[in-house]
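Hi,

Here is the structure I promised to pass on. Have a look first, and my notes follow underneath.

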Amino acid sequence: MSDIGEDHRLRTKTDDAGDDIYSEDGAIRADFLAMVGAAIADRDTLFLRSHVARLHESELGDLLEAILPDQRHALVRLLGDDFDLTALTEVDENIRMEIVDQMPNAQIAAAIGELDSDDAVYILEDLDHEDREEILAQLPFTERVRLRRALDYPEQSAGRRMQTEFVAVPPFWTVGQTIDYMRDEEDLPESFTQIFVIDPTFKLLGVLDLDRILRAKRQVKIETIMRETNYPIPADMDQEEAAQLFEQYDLLSAAVVDENGRLVGVLTIDDVVDVIQEEAEEDIMRLSGVGDEELSDSVRETSRSRVPWLLVNLFTAFISASVISLFEATIEQVVALAILMPIVAGMGGNAGSQTMTVTVRALATRNLDIHNAWRVARREAGVGLINGVVIGCLVGMVAGLWFHDVHIGGLIATAMLINMFAAAMAGIMIPLLLDRAGADPAVSSAVFVTAITDTTGFFSFLGLSTWWFMLR
């Protein structure tokens, strides 16, 4: 009886809370999750349809990621046709595939028919070929052809991201004809800001903003008020390059054309924002050598994605260790060297990571190329020298006071200067060389920069120390 009373109180509280399902820290409210869990357990479809089916696609996506796998499957089954398939574009790939695998192809086909083409492609592209073909076969001919055409373009291309629903008119139409067409035609995009102008072969001639149409007289011809499309996006262009065009020219939407210049779709700012977020997350993950890992990945998948670069890192660690072994006799004589060695290597690694992160990001955004690489390298060299002097002096003073030996302080200060300079150079040159060689600098730079800073740090500190003690 107490469980029923608690469930009633939770649901009443949710009703009073209105549409806000998030707590102050941005996470879904615990009481809302408990309420949804109780409704799923009770198979309360009326409550789920009135409180879950009404959620925005992004909110429903957050909810799907927050609940347990068994609850996800039950929720989709209970909602049936009321489940918004667009929410699957807001979740991790593993969760999306888990849910889709539990849904009959007929239900997916019915839901796909209600989605925008870009969202439909996003879901279809991860399905097995057999299931995809079965779903496409159940769609109307025109929609099936449009989706197949989008799926034929390479992954992560503008053609995959584009929306095939758009408004296009011939140049000889008048403003009045265009307005009447938009009022009478039922098969138009839900929202759009531009009208494209095409010839009989669908070749793109120009574009017209809606505000321009509203300001023009009905008898004015489209060709007299249209403007050229200065930035049409090739369908096979990488989605990251397309996003950079949007950023550079402050676009809200852009025409997507095939190799013959024919209009095949439109890329909108909402899709580009998703691309920018995906690419930024991917760069951050790759800088740590974890690839496209997601929170929903299994232990085995996560381990498999991390092991390769850990093995490379292990190999470079043995190289650093072999440098230390060359100075074993010196370390045995002066214990302070063993204590101070990690400071030199650690500070060099941090300095290298700073420069490397800036370099990789500049390469990704096309702000760094062969034309300005030398200027940036000189700047980083200057930064490395200045930071080396400042940090080296501080560490040298502390080490000298700690071990009551000014020579130890001078040695570590000099080694710190050398390693900070080497770190700055490695942080910019390694990503540039990897990019020049066709490798992804975001994936592999960190391991090599760390190897260089560790090796240089140990060799400079221990080498200088050996030389100094030989002179004494």
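To start with something you can check by eye: which residue in strand 6 is the bridge partner of alanine 254? That would be leucine 267. Keep in mind as you go through the rest that this is a predicted model.

**The two sheets**

Strand 6 belongs to an open sheet of 3 strands, in the order 4-5-6 and with mixed pairing. The edges are strand 4 (233–234) and strand 6 (263–268), and each of them pairs on one side only. On one side of the sheet, strand 4 and strand 5 (residues 253–257) run parallel and are joined by 2 bridges; here isoleucine 233 sits opposite valine 256 in strand 5. Strand 5 and strand 6, on the other hand, pair in the antiparallel sense, over 5 bridges. Their hairpin has 5 residues between the strands, and glycine 261 takes a positive phi near 80° there. Although strand 6 is an edge strand, it is mostly covered, with 6 of its 6 residues buried.

There is another open sheet of 3 strands, with the order 1-2-3 and mixed pairing. Its edges are strand 1 (168–169) and strand 3 (204–209); each has a single partner strand, so one side of each has no neighbour in the sheet. Strand 1 pairs with strand 2 (residues 194–198) in the parallel sense, over 2 bridges. In that pair, valine 169 stands opposite valine 197.

**Cores and helix 4**

The largest nonpolar core has 63 residues, and Leu63, Leu85 and Ile112 are the ones with the most contacts inside it. Apart from that core lies another one, of 23 residues, which include Ile331, Val344, Ala399 and Met416. As a background note, nonpolar side chains tend to be buried together in soluble globular proteins.

Leucine 63 is a good place to zoom in. Leaving out neighbours within four places in sequence, leucine 63 is in contact with Ile28, Phe32, Leu33, Val36, Val52, Leu55 and Leu75. Leu63 is also one of the buried residues of helix 4, together with Glu59, Leu60, Gly61 and Leu64. The cover over these buried residues includes helix 2 (30–41), helix 5 (69–79) and helix 6 (93–102).

What about aspartate 62, which is placed in helix 4 (residues 57–66)? Aspartate 62 has a relative accessible area of 31%, so it counts as partly exposed. With neighbours within four places in sequence left aside, its contacts are Tyr22 and Ile28. The C-alpha atoms of aspartate 62 and alanine 87 are 8.7 Å apart, with the two positions 25 residues apart along the chain.

**Salt bridges**

The count comes to 11 salt bridges, and I picked out three for you.

- Glutamate 125 and arginine 160 meet through their side chains at 2.7 Å, N to O. Glutamate 125 is in the loop between helix 8 (117–124) and helix 9 (129–137), whereas arginine 160 is in helix 11 (residues 158–161), so the pair ties together parts 35 residues apart in sequence. Arginine 160 is buried at 12% relative accessibility, while glutamate 125 is partly exposed at 22%.
- Arginine 215 and aspartate 211 form a salt bridge at 2.8 Å, N to O. Both lie in helix 13 (residues 210–215), and because they are 4 residues apart, about one helical turn separates them. Arginine 215 is exposed at 65% relative accessibility, and aspartate 211 is partly exposed at 38%.
- Glutamate 380 and arginine 379 form one at 2.4 Å, N to O. Glutamate 380 is buried, with a relative accessible area of 8%, but arginine 379 is partly exposed at 48%.

**Around helix 19 and helix 20**

Glutamate 380 turns up again among the contacts of threonine 355, along with Ala424, Gly427 and Ile428, when residues up to four places away in sequence are not counted. Threonine 355 is in helix 19 and, at 7% relative accessibility, is buried.

Which residues form the nonpolar patch on the surface? They are Val335, Ile339, Val398 and Trp402, with about 410 Å² of accessible area together. Helix 19 (335–364) and helix 20 (373–403) each supply at least two residues of this patch. Valine 398 is in helix 20 and counts as exposed, because its relative accessible area is 53%.

Cheers

Key: Residues are numbered from 1 along each chain as its sequence is written. This is a predicted model: local features need pLDDT of at least 70, side-chain atom pairs count only at pLDDT 80 or more; totals for chains, interfaces and linings use all residues. Side-chain values use heavy atoms; hydrogens and water are left out. Patches are made of residues with over 30% relative accessible area and no salt bridge: like charges are joined within 9 Å, nonpolar side chains (Val, Leu, Ile, Met, Phe, Trp, Tyr) within 5 Å. Accessible areas come from the Shrake-Rupley method with a 1.4 Å probe; for residues, only the protein chains shown count as cover. A salt bridge is a side-chain nitrogen of Lys or Arg within 4 Å of a carboxyl oxygen of Asp or Glu. Buried means under 20% relative accessible area, exposed over 50%, partly exposed in between (1.4 Å probe, protein chains only). Two strands pair if DSSP finds at least two bridges between them. A nonpolar core is a set of buried Ala, Val, Leu, Ile, Met, Phe, Trp, Tyr and Cys residues joined through side-chain atoms within 4.5 Å. Contact means heavy atoms within 4.5 Å.
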